[in-house]
Amino acid sequence: EPYCSRCSSPGKKTDSCSWHSRFPSSLARVFAVGPYYPLLDPRASLLSTHINQLKTEKQYSIPLGLAMSLVMLNRYSEDLRKCDLVAPVPLHQDSLATRGYDQSQELAKIISKQCQMRQASLLTKLKEVKQRGKGMMDRWNQVQGAYSCNTSCIGKAILLVDDVLTSGASLSECASVLARKGARMISGLVAGRDAERF
């Protein structure tokens, strides 16, 4: 703390944080366990190390999923009660075939169980988007049209789950897609909020 109560940007106060200005109105807010630093950064934390390990080792979804659940149950319980279901931000099928598992889906399984919520795979990723090394504008442009939803979400309050939030482009695009399908409220829950850009 302090951190922005809308986008969880570390070191920011909500009223002076401009980071979430690109978020669509459909994305109500983002919850995060803590700040995320790249593995090789000298400030790297245990949380950052676990997030990086999750990219290659499925079992790291267990401590991260439990941490994300505890944050929602103990710190944001009122917000959690407003949500109807948990939905992961999906991988593209090519990445899934390479990795062998979808880290966001693994996290969502644990969170839905611990928080006693229904899990639903509402979204499909239509195209592979490589964002590593890309600038902020490129990230937002590349992700447009990358996700689809073929399910009605009318009246639903959805908690979107992902491992880390960097630019916010993917989470925002997913929220926009779900809003067009009738979702009444979309929030995001991530293990780590990128602290490199602040």
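User: Before we look at the pocket, which residues count as nonpolar, charged or polar?

Analyst: Ala, Val, Leu, Ile, Met, Phe, Trp, Tyr, Cys and Pro count as nonpolar, while Asp, Glu, Lys and Arg count as charged. The others, Gly among them, count as polar.

User: Thanks! How do the residues lining the second largest pocket divide?

Analyst: Keep in mind that this is a predicted model. The second largest pocket has a volume of about 220 Å³, and 14 residues line it, with Tyr-3, Ala-32, Val-33, Gly-34 and Pro-35 closest to its centre. Sorted by kind, the lining comes to 8 nonpolar, 3 polar and 3 charged.

User: Which element gives the most to that lining?

Analyst: With 4 residues, the top contributor to the lining of the second largest pocket is strand β1.

User: Why do β1 and β3 each have one side without a neighbour in the sheet?

Analyst: Happily, the strand order helps here: the open sheet of 5 strands runs β1-β7-β6-β2-β3, with parallel pairing. β1 (27-36) and β3 (118-119) each have a single partner strand, so one side of each is left without a neighbour, and their place is at the edges.

User: Which residue in β3 stands opposite Val-86?

Analyst: Strand β2 covers residues 85-88 and pairs with β3 in the parallel sense over 2 bridges. Opposite Val-86 in β3 stands Gln-119.

User: Is the aromatic pair stacked, edge-to-face or tilted?

Analyst: The structure holds 1 aromatic pair. Phe-31 and Tyr-76 have ring centres 4.7 Å apart and planes at 50°, so the pair is tilted.

User: How many residues apart are Phe-31 and Tyr-76?

Analyst: Phe-31 lies in strand β1, and Tyr-76 in the loop between α2 (61-74) and α3 (77-81). The pair links distant parts of the chain, and the separation is 45 residues.

Technical notes
Residues are numbered from 1 along each chain as its sequence is written. This is a predicted model: local features need pLDDT of at least 70, side-chain atom pairs count only at pLDDT 80 or more; totals for chains, interfaces and linings use all residues. Side-chain values use heavy atoms; hydrogens and water are left out. Two strands pair if DSSP finds at least two bridges between them. On a 1 Å grid over the protein atoms alone, a cavity is a set of points where a 1.4 Å probe fits but cannot get out, and a pocket is an open set with protein on both sides within 12 Å along at least five of seven lines; lining residues have an atom within 4 Å of a point. Grid points are joined across faces, edges and corners, and a volume is the space filled by probe spheres set on the points. Rings of Phe, Tyr and Trp (its six-membered ring) pair if their centres lie within 6.5 Å; planes under 30 degrees apart count as stacked, over 60 as edge-to-face and the rest as tilted.
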